[in-house]
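Subject: Structure handover

Hello,

Here is the structure I promised to pass on. Please open it alongside this email.

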Amino acid sequence: MVDIHTHILYGVDDGSSSIDVSKYLLDEALKNNINKIILTPHQNEELKRTNELIELFNQFKNDFKNYNIDFYLGSEIYYYPNMIIDIENNELLTMNNSKYILVEFSTELKTNISDIVYDLNIKGYIPIVAHIERYNYLNFDDYKKIKSNGGLIQVNTSIFKIKAYKKILKFLLKNELIDFISSDCHNEIRNIDFSFPKKIINKKYNNQYDKLFNTIPEFIK
């Protein structure tokens, strides 16, 4: 099983603060039968530090070489207008050095995400919209347009237990719009727990179970 959105790389952002926190999160990953993890530290216009992240990732792999987990490096990029130029100049990390990019957007400033997805797709990239449930300004048609414009949709495991997201989640699942369910783990509080999402999917949307939990993404094959 794969977790494509994590903040387990310690000491780089608001995620894991130490090697001990990372160890805790990896232990939780193993309990959840996860054997492939993409580390996606935050990047934005002001804070790219790509070379530093690559060095820290290599150290991380050495720190946890005894874990039966395959590690890959990506990033969660906060969208900004010149982002595509920086990606093409190798100043930002794509998912495992592929054409897939994990992108987050403002939760407050209304953003035309579907148009941005289209523009990125035209340039040859496949954007994964991070934790799409957080963008309250999106409506149901927007979700469909994001997919039709070449984007992929990721939701966090936490929304399966939050009543406020029930309507959104039901729509996304009913219309088979979700591509990835991820932990977006940060620490002992925002940790890794796929048990409830698995239970819900298995009970109500079993036809999507393999796609959401047993499929290896193209960018790490």
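Below is what I found, starting with a sheet and ending with a buried charge.

One thing up front: this is a predicted model.

The sheet. It is open and has 3 strands, in the order β1-β2-β4, with parallel pairing. β1 (2–6) and β4 (70–73) are the edge strands, and each pairs on one side only. From one strand to the next, the twist averages 20 degrees. β1 pairs with β2 (residues 36–39) over 3 bridges, in the parallel sense. To find your way there, start from D3: its bridge partner in β2 is I37.

The helix across it. α2 covers residues 50–63 and lies across β2 and β4. Its direction is at about 175 degrees to β4.

Helix α5. This one spans residues 140–148, and N139 caps its N-terminal end. A side-chain oxygen of N139 sits 3.0 Å from the backbone nitrogen of D141. At the other end, G150 comes just after α5 and takes a positive phi of about 100 degrees.

The buried charge. Look at E133, in the loop between β7 (126–129) and α5. E133 is buried, yet it has no salt bridge. How far away is the nearest side chain of opposite charge? That side chain is R134, at 4.7 Å. A salt bridge here needs a side-chain nitrogen of Lys or Arg within 4 Å of a carboxyl oxygen, so R134 does not make one with E133. What does E133 touch, leaving aside residues up to four places away in sequence? The contacts are Q154, V155, N156, I159, Y165 and I168.

Best wishes

Definitions and conventions
Residues are numbered from 1 along each chain as its sequence is written. This is a predicted model: local features need pLDDT of at least 70, side-chain atom pairs count only at pLDDT 80 or more; totals for chains, interfaces and linings use all residues. Side-chain values use heavy atoms; hydrogens and water are left out. Two strands pair if DSSP finds at least two bridges between them. Helices (H or I, at least four residues) and strands (E, at least two) are DSSP runs, numbered from the N terminus. Axes are lines fitted to C-alpha atoms, for helices over the stretch in contact, and angles run from 0 to 180 degrees between N-to-C directions. Contact means heavy atoms within 4.5 Å. A polar contact is a pair of N or O atoms within 3.5 Å; within protein, one must be able to donate a hydrogen and the other to accept it, and residues adjacent in sequence count only if both atoms are side-chain atoms. Buried means under 20% relative accessible area, exposed over 50%, partly exposed in between (1.4 Å probe, protein chains only). Lys and Arg count as positive and Asp and Glu as negative; His and the chain ends are not counted.
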